[in-house]
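Q: Got a minute to go through this model with me? I'd like to start with the charged pairs and then look at the helices.

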Amino acid sequence: MPKQVDHEQRRIEIVEATWRIISRGGFAAATMREIAAEAGFANGGLKHYFATKDDLLVAAFQRTFYRVNERAGLAAGSQSGLDAIRALCMEMLPLDRERQIESRVAVAFWDRAASNPVLMKVHADSYAIWRQFMEQHLDIARESGEIQEQVATALVVDELLWITTGLHVVPLLDAKTTPPINQVRIVDTVLDRIRSLSPRPVRSATD
């Protein structure tokens with residue numbers, strides 16, 4: 001009997017081969033011939049899975065966000081409020097080898113997306129999801145008393161997204177000044193600052 005082929009798994013393998021090439025040599029190295037060879041296909045063998053190179057690049061860019069979301073969902077679990085936001089931020093940072101590769105690939109895609117409306121939309125849609133997630137959990141934190149009413153949701157979300165985006169780039173250029181422990185500290189400083197605005201609990205005379 002002919003061997004059954006998992007179409008979606010093959011697509012993922014091709015995307016991950018694309019990642020490896022981009023992480024090693026940037027976009028210039030990511031030709032269809034090189035991607036096919038990296039993924040173990042004959043030249044032209046990718047067309048069964050991706051009709052064009054643009055289709056492949058869109059899938060590769062989308063997967064950078066999918067992997068972050070997948071890990072963040074597992075990390076956050078049943079957490080809510082600032083803990084859930086922190087869990088998402090930690091998965092966005094290049095704290096280990098896997099996430100460093102993701103950052104390198106994402107940075108390469110950002111340059112491409114600046115002149116490609118389709119990739120730009122992938123980026124915008126994904127950041128909108130992250131923004132909505134943070135906004136929802138800031139609302140939860142406010143309702144639970146974890147933060148005060150005057151905490152400006154939009155400003156906090158902007159700050160966290162700009163920090164995590166910047167920390168994709170800086171460690172690639174200057175890893176010595178941005179080790180993982182410093183990256184975590186920067187995010188925690190923001191979260192601790194807005195948490196510190198919360199009123200102190202009132203202690204009873206018997207406490």
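Q: How many salt bridges does the structure hold?
A: There are 20 salt bridges in the structure, each being a side-chain nitrogen of Lys or Arg within 4 Å of a carboxyl oxygen of Asp or Glu. Keep in mind that this is a predicted model, where local features need pLDDT of at least 70, side-chain atom pairs count only at pLDDT 80 or more, and totals for chains, interfaces and linings use all residues. Residues are numbered from 1 along each chain as its sequence is written, and side-chain values use heavy atoms, with hydrogens and water left out.

Q: OK, what does Arg20 pair with?
A: Arg20 meets Glu38 in a salt bridge, at 2.8 Å from N to O. Arg20 sits in helix H1 (residues 7–25) and Glu38 in helix H2 (residues 32–39), so the pair ties together parts 18 residues apart in sequence. Helices here are DSSP runs (H or I, at least four residues), numbered from the N terminus.

Q: Is Arg20 buried or exposed?
A: Arg20 counts as partly exposed at 35% relative accessibility. Buried means under 20% relative accessible area, exposed over 50%, and partly exposed in between, with a 1.4 Å probe and protein chains only. Glu38 is also partly exposed, at 27%.

Q: And which residue does Asp188 bridge to?
A: Asp188 bridges to Arg86, 2.6 Å from N to O. Asp188 is in helix H8 (residues 180–195) and Arg86 in helix H4 (residues 81–92), so this pair links parts 102 residues apart in sequence.

Q: Which residues get joined into one network by shared salt-bridge partners?
A: Glu16, Arg63, Arg67, Arg71, Glu91, Asp96, Glu98, Arg99 and Glu102.

Q: Switching to helices: how far does H3 reach?
A: H3 (residues 53–76) has 24 residues and spans 35 Å from first C-alpha to last, close to the expected 34 Å, which is 1.5 Å times one less than its number of residues. Just after H3, Gly77 has a positive phi of about 55°.

Q: At what angle do H5 and H7 cross?
A: Roughly 105°, with the axes of H5 (residues 97–113) and H7 coming within 9 Å. Axes are lines fitted to C-alpha atoms over the stretch in contact, and angles run from 0 to 180 degrees between N-to-C directions. That makes H5 roughly perpendicular to H7, a label for 65 to 115 degrees.

Q: Which H5 residues make the contact?
A: Ser103, Arg104, Ala106, Val107 and Trp110 of H5, against Thr165, His168, Val169 and Leu172 of H7, where contact means heavy atoms within 4.5 Å.

Definitions and conventions: Helix = DSSP H or I, 4+ residues; strand = E, 2+ residues; numbered from the N terminus. Parallel < 35°, antiparallel > 145°, perpendicular 65-115°, else oblique.
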